Amino acid sequence: MDLVITGGTVVTASDSYAADIGIRDGCIVQIGQGLEGAERIDATGLLVLPGGIDAHVHLDQPTSDGTVMADGFASGTRSAAAGGNTTVLPFALQIKGQSLRSCVEDYHRKADGNCHTDVSFHLIVTDPTPQVLGQELPALVQDGYTSFKVFMTYDDLVLNDAELLDVFEVARRERALVMVHAEGHDAIKHLTRRLEDMGRTAPFYHGQAHAQIAEREATHRAISHAQLIDVPIVIVHVSGRDPMEQIQWARARGLKVHAETCSQYIALTADDLRGLNMDFEGAKYVCSPPPRDADSQAAIWQGLRDGTFDIFSSDHCPFRIDGTGKDTPRARTSFKWVPNGIPGVETRLPILFSEGVSKGRISLQRFVALTSTNPARLYGLYPQKGSIAIGADADLTLWDPTLTRPIRQTALNHGCDYTPYEGMDITGWPVRTILRGQTIAVDGKVVGTPTGGHLVRGTSEAFSPE
Ligand SMILES: [Zn+2]
């Protein structure tokens, strides 16, 4: 064997046990006791988990107003690797009027050769023309781009109900998994106008304009459309109790509705958007859906425990707080011009580990399921990714469950100039990330040149019979 990892505790979505892991040609070839190989990593006292899979990451995406995303593929995947991830699923965003195929080619030009983790694109469909729905999308699904996101809000991204139904039909026919950003566009626009009329333009009011009721309504509408077409969907970045109840309602009726939540909905609240004194500091926390309240945080934890949520992602969407990102003259005039999104690909796993596992809210097995195994199953990567088993890729993250230090911007690898989680105390950090048998990060620092590749994905398990 090329490499053995000895003395650690192996943790999977269903089990945990003491074992050595033997690796050859980037794959796991043996799990047992007393293994020997050319190279050895001593994992005594450490946990050995499947590498993290962050299924919701925005990198190098163009914006309608020319603000620049703080991470390209190099810095974004450095940040991911340092945070314990071996695979990320970013988006290839179709700009209205653009061919979906050429947009995918553009993203490959930006990503290929620059990635420290393995990568596979979700598509974002914003312009469902007959050409896109009839030819480009089916061909791309055939080529292994087996999931795509649609938006129910944002002026330059939103699909109307007729378009959503058309797109769901194609997804059903091609067995592609649709990820839905569920927020009601007209309700948000209405609330935004009323808040602006009252002079309430600080970043804090972003949270009020993006009301949880609007998220609940859109969640229900997406579920109903999916039921009409009989297609599985994923409701992404669920923020609180109201949309969660719609998902539970659907599941109780046997509908194939999957759900994702993110770090910001357990670690931040609407109060963070106040900033220091209703000032522009609040812009650091502007994302959609926005963080809610303590009751919603409690509901999200319940959903993480009871299986309402299949996956836990970052929705990494980084903008610097300076003038290239959030703080533009226009953004100072109204919250509606503040770019939506926060960084989180590097802090996702430590936050859930510390707040969840270390504080006794979820088991280690559940942690692995939410952050690696389930994303692999849902997005057509299993069992090559997301498991510790013979024949799987040797994607492993070694964790020190006792290591305690706070999150500090100065220690992060992302291209953003702040973290919304500054100063948060964390117990349990990833100390080594291994991609296909190669160490790619140690103690929060990336090592080596980019070796990440592009993954062709299979059909989502959401399409498998129960
Ligand atoms: Zn979204």
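Trainee: Which residue in S19 is the bridge partner of Ile-434?

Mentor: Bear in mind that this is a predicted model, so to speak of local features we need pLDDT of at least 70, side-chain atom pairs count only at pLDDT 80 or more, and totals for chains, interfaces and linings use all residues. Residues are numbered from 1 along each chain as its sequence is written, and side-chain values use heavy atoms, with hydrogens and water left out. Strands (DSSP runs of E, at least two residues) and helices (runs of H or I, at least four) are numbered from the N terminus. Strand S18 (residues 425–435) runs antiparallel to strand S19 (residues 438–442), with 4 bridges joining them, and in S19 the bridge partner of Ile-434 is Thr-439.

Trainee: What is the phi of Arg-436, in the turn of the S18 and S19 hairpin?

Mentor: This hairpin has 2 residues between its strands. Arg-436 sits in the turn, and its phi is positive, at about 45°.

Trainee: And which residue in S20 stands opposite Val-442?

Mentor: S19 and S20 pair in the antiparallel sense, over 2 bridges; two strands count as paired if DSSP finds at least two bridges between them. They form a hairpin too, with Asp-443 in the turn at a positive phi of about 50°. Opposite Val-442 in S20 you'll find Lys-445.

Trainee: Which strands are at the edges of the sheet?

Mentor: The sheet is open, with mixed pairing, and its 7 strands follow the order S3-S2-S7-S17-S18-S19-S20. An edge strand pairs on one side only, and here those are strand S3 (16–18) and strand S20 (445–446).

Trainee: At about what angle to S7 does H13 run?

Mentor: H13 lies across strand S2 (9–11), S3, strand S7 (47–50) and strand S17 (396–406). The axes are lines fitted to C-alpha atoms, for helices over the stretch in contact, and angles run from 0 to 180 degrees between N-to-C directions. For H13 and S7 that comes out at about 35°.

Trainee: Which helix gives the largest share of the largest nonpolar core?

Mentor: A nonpolar core is a set of buried Ala, Val, Leu, Ile, Met, Phe, Trp, Tyr and Cys residues joined through side-chain atoms within 4.5 Å. The largest one has 119 residues, and Phe-148, Val-180, Ile-233 and Phe-367 have the most contacts inside it. Its largest share is 6 residues, from helix H13 (residues 364–378).

Trainee: Why does this core lie between domain 1 and domain 2?

Mentor: The bounds come from an automatic or database domain assignment, which gives domain 1 (3–49 + 386–446) and domain 2 (51–366). The C-alpha centres of the two lie 27 Å apart, and their contact (heavy atoms within 4.5 Å) takes 40 residues from domain 1 and 45 residues from domain 2. The core lies between them because residues are given to it by both domain 1 and domain 2.

Trainee: Which residues are the protein donors of the zinc ion?

Mentor: Donors are N, O and S atoms within 2.8 Å of the metal (3.2 Å for Na, K and Ca), and since water is not among the atoms, sites may look incomplete. The donor residues follow the spacing K-x31-H-x55-H in sequence. Lying 2.1 to 2.2 Å from the zinc ion, they are Lys-149 (NZ), His-181 (ND1) and His-237 (NE2).

Trainee: How many residues apart in sequence are the parts tied together by Lys-149 and His-237?

Mentor: Lys-149 lies in strand S12 (residues 147–151), while His-237 is in the loop between strand S14 (233–235) and helix H8 (241–252). So the pair ties together parts whose separation in sequence is 88 residues.

Trainee: Is Lys-149 buried or exposed?

Mentor: Buried means under 20% relative accessible area and exposed over 50%, with partly exposed in between (1.4 Å probe, protein chains only). Lys-149 has 1% relative accessibility, so it counts as buried.

Trainee: How many residues of helix H12 are buried?

Mentor: H12 (residues 348–358) is mostly covered. Among the buried ones are Arg-348, Phe-353 and Glu-355. The count for this helix is 10 of its 11 residues.

Trainee: Which residue in S5 stands opposite Ile-23?

Mentor: Strand S4 (residues 20–24) is mostly covered, with 4 of its 5 residues buried. S4 pairs antiparallel with strand S5 (residues 27–32) over 5 bridges. Across from Ile-23, in S5, stands Ile-28.
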